[in-house]
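Colleague: I'd like a close look at one part of this model, the way its helices pack against each other. Could you walk me through it, contact by contact?

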Amino acid sequence: MIEAVRSPTERELFPRTISLAVHELRTPVTVVCGYIRMVLKEHGGPLTEKQKKMLLEAERSCERISALVAELSDLGKLESSELSVAHQEIDLSRLVVELAGDMHEGEDRGVRLDVRVPTRPIVVTGDRARLSAAITTLLHAALRERGEPGVIVADCSVLDGTPPWAVLAVGEEEALPSLIAASLGTPPPFDEYRGGLGLALPVARRVVEALGGALWSAPGERPRAGSALRLPLRT
């Protein structure tokens, strides 16, 4: 009996295509970055100040491409479930406070980050490094997209339910109630297609989902007014 050959689905092809793109991009990017650094160290002869300035700009752009390739690799592995995600006990509120302390985006434009956390720990199970990257991305995106001086709030809370959820809402004050309320049912979609942030937002969504949670944008006419995530509360 001859078995029918099953053609790969689009979902199966997506991570394979990404893996191929990463493989093809990584080598030339590494070579270009390496040669730029060698020239900056004047291995090929002395440079003028103008040449150094141009090469430094090229080096920064090359490093950005390298970071995108790394994010692309993570995205493909998360899509194919090849990327292992650790499960550690994490105090979400404490983690947010630590990450917010290192966040300086928007300060030069008069944008301030206000962190609100309860006095008791909010313990979740997750991959600390990858969850930290996801939360940092949400904070950075909200601060970056605030077009005028003001306050962005990062609010940690617990919503009782089955299961109980740990919720982090990040955005403008008026967006927080609808953001938090959305966690009780099926959350609205997450706007991960934003320029200037690389692939950090798509990776963040997949990391949160791999940990049994969800990530969504503020509902209504201003989806970029905020984002939120929920994770199962460690009980």
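Modeller: Sure, let's get oriented first. Read from one end of the sequence to the other, the chain goes α-α-β-α-β-β-α-β-β-α-α-β-β, which comes to 6 helices and 7 strands. Keep in mind that this is a predicted model. Its C-alpha trace spans about 70 × 65 × 35 Å along the principal axes.

Now for the helices. Two packed helices are described by the angle between their axes and the distance between the axes. I'll use that for each pair in turn.

Start with helix α4, residues 128-145, and helix α6, residues 200-210: they pack at an angle of about 130°, and their axes are 9 Å apart. That angle makes α4 oblique to α6, and the crossing of the two is left-handed. On the α4 side, the contact is made by Arg130, Leu131, Ala134, Thr137 and Leu138. Facing them from α6 are Ala200, Leu201, Ala204, Val207 and Val208. Sorted by class, this contact has 8 nonpolar residues, 1 polar and 1 charged.

Stay on α4 and turn to helix α3, residues 92-101. Here the packing angle is about 55°, with the axes 10 Å apart. Angles under 35 degrees would count as roughly parallel and 65 to 115 as roughly perpendicular, so α3 and α4 are oblique to each other. Their crossing is right-handed, whereas that of α4 and α6 is left-handed. From α3, the residues involved are Leu92, Leu95, Val96, Glu98, Leu99 and Ala100, and they meet Arg128, Leu131, Ser132, Ile135, Thr136 and Leu139 in α4. By class, you get 8 nonpolar, 2 polar and 2 charged residues. Look out for Leu131 of α4, which is part of the contact with α3 and also of the contact with α6.

That leaves α6 and helix α2, residues 49-79. The axes of this pair come within 9 Å and cross at roughly 30°, and α2 and α6 are therefore roughly parallel to each other. α2 passes α6 in a left-handed crossing. The α2 residues in this contact are Glu71, Leu75, Leu78 and Glu79, and those of α6 are Ala200, Pro202, Val203, Arg206 and Val207. They divide into 6 nonpolar, no polar and 3 charged. Two α6 residues turn up again here: Ala200 and Val207 contact α2, and both are also in the contact with α4.

While you have the side chains on screen, have a look at the aromatics too. The structure holds 0 aromatic pairs. There is a charge over a ring, though: Arg230 lies over the face of Trp165, at 4.1 Å from the ring centre.

Definitions and conventions:
Residues are numbered from 1 along each chain as its sequence is written. This is a predicted model: local features need pLDDT of at least 70, side-chain atom pairs count only at pLDDT 80 or more; totals for chains, interfaces and linings use all residues. Side-chain values use heavy atoms; hydrogens and water are left out. Rings of Phe, Tyr and Trp (its six-membered ring) pair if their centres lie within 6.5 Å; planes under 30 degrees apart count as stacked, over 60 as edge-to-face and the rest as tilted. A charge sits over a ring if NZ of Lys or CZ of Arg is within 6 Å of the ring centre and within 35 degrees of the ring normal. Axes are lines fitted to C-alpha atoms, for helices over the stretch in contact, and angles run from 0 to 180 degrees between N-to-C directions. Helices (H or I, at least four residues) and strands (E, at least two) are DSSP runs, numbered from the N terminus. Angles under 35 degrees count as roughly parallel, over 145 as roughly antiparallel, 65 to 115 as roughly perpendicular and the rest as oblique. A crossing is left-handed if the near helix is turned anticlockwise from the far one by less than a right angle, and right-handed if clockwise. Contact means heavy atoms within 4.5 Å. Ala, Val, Leu, Ile, Met, Phe, Trp, Tyr, Cys and Pro count as nonpolar, Asp, Glu, Lys and Arg as charged, and the others, Gly among them, as polar.
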